[in-house]
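Student: I've got a model open and I'd like to test the words people use for its contacts. Can you show it to me and go through them?

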2 protein chains.
Amino acid sequence: MSRQRGYHHGDLRAALIATSFELLAEGGLRRFSVAAVARRLGVSSAAPYRHFPDRDHLLSAVSGAAAEDLRAAIRAAADAAGADPADRLAAVAGAYFRYVVTTGAGFHVIFAAELHRVADEQRRARTRALMDTLFELATATAVPSYQQALPLIEAIIAVGHGYSSLFTDGFFARNTRTVEEIATRATEAARALIR
Amino acid sequence: MSRQRGYHHGDLRAALIATSFELLAEGGLRRFSVAAVARRLGVSSAAPYRHFPDRDHLLSAVSGAAAEDLRAAIRAAADAAGADPADRLAAVAGAYFRYVVTTGAGFHVIFAAELHRVADEQRRARTRALMDTLFELATATAVPSYQQALPLIEAIIAVGHGYSSLFTDGFFARNTRTVEEIATRATEAARALIR
DNA sequence: GTCTATACCGGGATAGAC
DNA sequence: GTCTATCCCGGTATAGAC
């Protein structure tokens, strides 16, 4: 509270990540840039490079945070859905949709191509944990093996991601669909896919 | 065949659109730029501006062509699916997936936000025709009204688009899924949604 | 650890020659 | 109708002062 002026001190690293989320939420990956993050924080364009060697490493940190947050959101949604494994898995699609629409940080960010060569163990551990959670929820249904769980996960995420893409691309613009309305639809669609 | 050298004559306008599709297929909207198109065609960066006032108008022409091509692909897939209206509608998801994976020109291009202010009647007519075709296929199922057809269309497109996004973002990379394999999955998922 | 200043790059777009 | 040349802008990244 004591930093009305001279804001730029304390934990710039954390602030860079937080502001990156803001930019992603507002304009997606397209408008994310180191320069824009710095500008919004009121620091020079060089300041971020004290904390991250380049753009991709900042994005990697954001990706790791997103993986962790998304995993928590999915867990919470599954628990809220009750005890039936199919209901719990279906809730993933709705949770994914809500998270991506709110933050702009979906799988296209978490698994962005430019991150493949960024060696960031924390991010990798977090994305692995996210996938583990998805496998847990998928194998809790009738599905016996990992081999068969993967296509199921892909279908669920495809539904959530598809709705979120259409939403953020403005496809629903004319028909005032609310986030919750579509999240419900995504969940129902996922439920139908599980059988 | 007589233009090995001095390629830059004939129909640059059409060539610009064709090359734009190439770039979209290779790198999506991210790598599409007037400069890149001109470079690949071996013309100066100024040449395209004789045919399109700005970037967005070129993109609009590409969008219109994509809408027309996608409509044709959807029609063909529906016809190939047989007579059952539900099968015909489900085929839309597979056709959409195939088209977007092949061309990079899905709804995120056809309905790109930056096109809203571009007054291009041909594009608008073509996107309207595309939507008309989707409504035709949707209302041919048990669905009685347009009001109820729209959510159905949204679900089908969400499935196709979701799979295509995951595919182009490299989510399927480790598991060598072929385009046809996933197109079949998308179609089956759509079939499950229709009930 | 942040600043100013700078170099470099690529894309958008225009002017004027041919 | 295409060219060369040019300008502007914004993003990435580095050097060196404080």
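**Contacts with the DNA and within the protein**

Tutor: Sure, starting at DNA strand C, where a phosphate oxygen has a backbone N or O atom of A:S44 at 2.7 Å. Keep in mind that this is a predicted model.

Student: What makes the approach of A:S44 to a phosphate oxygen of DNA strand C a polar contact?

Tutor: The cut-off is an N or O pair within 3.5 Å. The A:S44 backbone atom lies 2.7 Å from that phosphate oxygen, so it counts as a polar contact. Chain B does this with DNA strand C too: a backbone N or O atom is 3.0 Å from a phosphate oxygen for B:V34, and 3.1 Å for B:A35. Those values are also within 3.5 Å, so both count.

Student: Which residues come nearest to DNA strand C?

Tutor: There are 19 residues around DNA strand C, and A:S44, A:R50, A:H51, B:V34 and B:R39 come nearest. Helix α2 of chain B, residues 34-41, gives the most to that surface, with three residues. By class you get eight nonpolar, seven polar and four charged residues there.

Student: How do you know what share of the DNA strand C atoms within 4 Å of the protein is sugar or phosphate?

Tutor: Take the strand atoms within 4 Å of the protein and sort them: 63% belong to sugar or phosphate, and the rest to bases.

Student: Now DNA strand D. What makes A:Y49 a polar contact there?

Tutor: An N or O atom in the side chain of A:Y49 is 3.5 Å from a phosphate oxygen of DNA strand D. The limit is within 3.5 Å, so the pair is taken as a polar contact. For B:H51, an N or O atom of the side chain is 2.6 Å from a phosphate oxygen of DNA strand D. A:R55 uses a backbone N or O atom instead, 3.0 Å from a phosphate oxygen of that strand.

Student: Which residues are closest to DNA strand D?

Tutor: Of the 19 residues that surround DNA strand D, the closest are A:V34, A:R39, B:S44, B:R50 and B:H51. Helix α2 of chain A (residues 34-41) provides the largest share of that surface, three residues. The class split is eight nonpolar, seven polar and four charged. As for the strand's own atoms within 4 Å of the protein, 63% are sugar or phosphate and the rest belong to bases.

Student: Let's move to the two chains. Why is the pair of A:R177 and B:E154 called a salt bridge?

Tutor: The rule asks for a side-chain nitrogen of Lys or Arg within 4 Å of a carboxyl oxygen of Asp or Glu. Here the closest N and O atoms of A:R177 and B:E154 are 3.3 Å apart, so the pair passes as a salt bridge. Across the whole interface of chain B and chain A, the rule finds four salt bridges.

Student: How many residues does each chain put into that contact, and how much area is buried?

Tutor: Chain A and chain B put in 28 residues each. Between them they bury about 2400 Å², with 65% of it on carbon and sulfur atoms. On chain B's side, B:R30, B:E154 and B:F171 supply 24% of the area buried against chain A, more than any other three residues.

Student: How many residue pairs are in polar contact between chain B and chain A, and which elements of chain B take part in the interface?

Tutor: Four residue pairs are in polar contact. The elements of chain B giving two or more residues are α1 (12-31), α5 (107-110), α7 (146-168) and α8 (179-194). α7(B) gives the most, with 12 residues. The chain B side divides into 17 nonpolar, five polar and six charged residues.

Student: Last one: how many salt bridges does the rule find between the two domains of chain A?

Tutor: Zero. The domain assignment gives domain 1 (1-51) and domain 2 (54-194), with 26 Å between their C-alpha centres. The contact takes 11 residues from domain 1 and 16 residues from domain 2. They bury about 1100 Å² between them, 78% of it on carbon and sulfur atoms. A:F21, A:L29 and A:F32 supply 47% of the area domain 1 buries against domain 2, more than any other three residues.

Definitions and conventions. Residues are numbered from 1 along each chain as its sequence is written. Chains are lettered from A and ligands numbered from 1 in the order in which they are written. This is a predicted model: local features need pLDDT of at least 70, side-chain atom pairs count only at pLDDT 80 or more; totals for chains, interfaces and linings use all residues. Side-chain values use heavy atoms; hydrogens and water are left out. A residue is near a molecule or strand if one of its heavy atoms lies within 4 Å of it. A polar contact is a pair of N or O atoms within 3.5 Å; within protein, one must be able to donate a hydrogen and the other to accept it, and residues adjacent in sequence count only if both atoms are side-chain atoms. Helices (H or I, at least four residues) and strands (E, at least two) are DSSP runs, numbered from the N terminus. Ala, Val, Leu, Ile, Met, Phe, Trp, Tyr, Cys and Pro count as nonpolar, Asp, Glu, Lys and Arg as charged, and the others, Gly among them, as polar. Contact means heavy atoms within 4.5 Å. Buried area is the accessible area (1.4 Å probe) that two parts lose on being put together, summed over both. Domain bounds come from an automatic or database domain assignment.
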